[in-house]
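Hi there,

Here is the structure I promised to pass on to you. Have a look at it first, and then read on for my notes.

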Amino acid sequence: MFKTFQRTLLLNYVLGSSIAVFGVGGLFIFQTLELSPSEMMILFSIMVVSGSIMAALELSMYRRHVAPVRAACLNEVPSRAMLQQAFDQTSRFPVLTVKRIMGPHLFGLSIPAMTLSAVAIQRGWVDLPYRMIGLAALGAVLIAILHALIELFLTYRSVEPMLLHLQKQNEQLNEQPLHTTYHSLSVRTKLLFSMLVIGTFPIMLFMLASGVQLSNIDQVDAYWGWAALILVVIVCVATFSSVLLYDSIKRPLGALTAGVAAIDAGTLQPIANPYSDEFGRLVTGFNHMVENVTRREAENEQLLNSLFVLFAATLDARDSYTAGHSERVAAYSVELAKALGLPSHQIELLRKSALLHDIGKIGVRDDVLLKEDRLTDEEFAQIQQHPTIGIHILNQITLPDSLQPILAGVRSHHERIDGRGYPDGLAGEMIPLFGRIMAIADAYDAMTSDRPYRQGMPPDKALSILESGRGTQWDAAFVDVFVQLRREAISA
């Protein structure tokens, strides 16, 4: 991977140098100036010597820049610190490339070239005025800026495979993912830099070439005053255009960012799409994703609810005398929770918990569970194990975090406020909220339902028993609310 990375960077360097230095720079020198064949050969030799110095300086700087990446890639078992350093350095490579071009590239090329050109003019090898050296220096700055822009965007493409490689290598060795600590150039900075170069480079190069051509005309000073004014106007227009271009990109990107943030917050909301360009298609794709996820969530929720009802029906089918008990307990629990003002997501979790509150009875023997006579102490002790058996069963299916609250109700719906319940002997508000609510609903349905050995109680008698146990067996405030709800329902 490291060899591929270096090879890609080398190809980028050759391409950028060919276009900027030898392409545009060579054309500027050899087509703008009137030179004899010997003068062209001398200037070409100067370019070769200066280019060699530039390459040597840039190679030295490149080796320092790439050292952390090489160390991580060539080490068979790199440490996390080594991978993190390589990841950060790779993320910085586009900007480091610009620094190499504007540093050793620019000065390693221009200073030797200017010095050698001055010597050639002084010796009479080239018939040019000395002011041409200053114009050449300005041209070198323009060429370096163009080269930097080309290499910047080429390098952004080149570092992506290396960043993915480092992330993958880290995943195999470490649990903690890699996150760059380096803040890359913003889209706004890239656009502004690009528009300034693209908008002004051709004009500046043309004005510079024209200045060279007009260097022998008496009105050359007036020309440079005019050229400077034109350049200021062009820079202002290019800057304003880049700001407008960035704004046209920022608005749809901002909408997409807000949409993703809403998904992170648990809200699936389509984005308004007034765009007709590529961003319009991207927003349309995002909205299709939201629709599909919403539909899938609804289907999954429906399937999950069906499974909870199926579990409850399976348990109730084992004992025909208690058929429908779990669903009635769920309905009573939801009714009480709504009256207590619980939020809707908690009420739904409570409903699921109530549907499964007796699932542990699957683990109780038939001769005990279905016994029609009074239970012995040993048999009742077996019945008392059903909350913990239920928790054990539900733990086998690894409930997601969003459903973990239902376990509290399954385990604690037989706890008592005075601490004499089971399985944990919790008291007061130490009993989970779901357990305190379901205990009332469960007791009421058990008292009002028919059994083989007795008829169900009248609702009024069951409610009176609840009232007599308020504050000892059941939560007093919850009993008061439940009794009021049931009596209103009976009288209606």
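Below is what I found, from the overall make-up down to single residues.

Please keep in mind that this is a predicted model. The chain has 16 helices and zero strands. Of its 492 residues, 41% are buried. The accessible surface comes to about 26700 Å², and carbon and sulfur atoms account for 61% of that. If you take the contacts between residues at least 6 apart in sequence, 69% of them join residues at least 24 apart.

Now to the inside. In soluble globular proteins, nonpolar side chains tend to be buried together. Here the largest nonpolar core has 40 residues, and I440, L466 and F482 are the ones that touch the most other members. At least two residues of this core come from each of α8 (325-340), α9 (344-355), α12 (386-395), α13 (406-412), α14 (433-448), α15 (459-468) and α16 (476-491). The top contributor is α14, with nine residues. A second core, separate from this one, has 18 residues, and F5, L9, Y62 and C73 are among them.

L466 is a good place to zoom in. Beyond its neighbours within four places in sequence, L466 is in contact with I440, A443, Y444, M447, W474, V479 and F482. Which residues of α15 are buried? They include L466 itself, along with A462 and L463. These residues lie on the same side of α15, because they cover an arc of only 100 degrees around the axis. The buried residues of α15 pack against α14 and α16.

A339, in helix α8, is also worth a click. With 43% relative accessibility, A339 counts as partly exposed. Leaving out residues up to four places away in sequence, A339 touches V481 and L485. The C-alpha atoms of A339 and F482 are 8.4 Å apart in space, although their positions lie 143 residues apart in sequence numbering. Another pair of this kind is L15 and H147, 132 residues apart in sequence and 9.4 Å apart from C-alpha to C-alpha. L15 sits in helix α1 (residues 2-32) and is partly exposed, at 42% relative accessibility.

On the outside, V49, I53, L57 and L116 make a nonpolar surface patch of about 290 Å². Helix α2 (residues 37-74) gives the most to this patch, with three residues. One residue of that helix is L57, which is partly exposed at 42% relative accessibility.

Finally, the charged pairs. The whole structure holds 12 salt bridges. D418 forms one with R416, at 2.7 Å from N to O, and one with R420, where the closest N and O atoms are 3.9 Å apart. D418 is partly exposed, at 30% relative accessibility, whereas R420 is exposed, with a relative accessible area of 65%. Elsewhere, E348, R351 and K352 are linked in a network of salt bridges.

Are D475 and R436 buried or exposed? Both are buried, and they form a salt bridge with their closest N and O atoms 3.2 Å apart. D475 is in the loop between α15 and α16 and R436 is in helix α14, so this pair ties together parts that are 39 residues apart in sequence.

Happy browsing, and best wishes!

Key: Residues numbered from 1 in each chain as written. Predicted model: local features only at pLDDT ≥ 70, side-chain atom pairs only at ≥ 80, totals over all residues. Heavy atoms only, no water. Core = buried A, V, L, I, M, F, W, Y, C linked by side-chain atoms within 4.5 Å. Buried < 20%, exposed > 50% of the residue type's maximum accessible area, 1.4 Å probe, protein only. Helix = DSSP H or I, 4+ residues; strand = E, 2+ residues; numbered from the N terminus. Contact = heavy atoms within 4.5 Å. Patch = residues over 30% accessible without salt bridge, like charges linked within 9 Å, V, L, I, M, F, W, Y side chains within 5 Å. Areas by Shrake-Rupley, 256 points an atom, 1.4 Å probe, with all protein chains shown as cover. Salt bridge = Lys/Arg side-chain N within 4 Å of Asp/Glu carboxyl O. Arc of directions from axis to C-beta.
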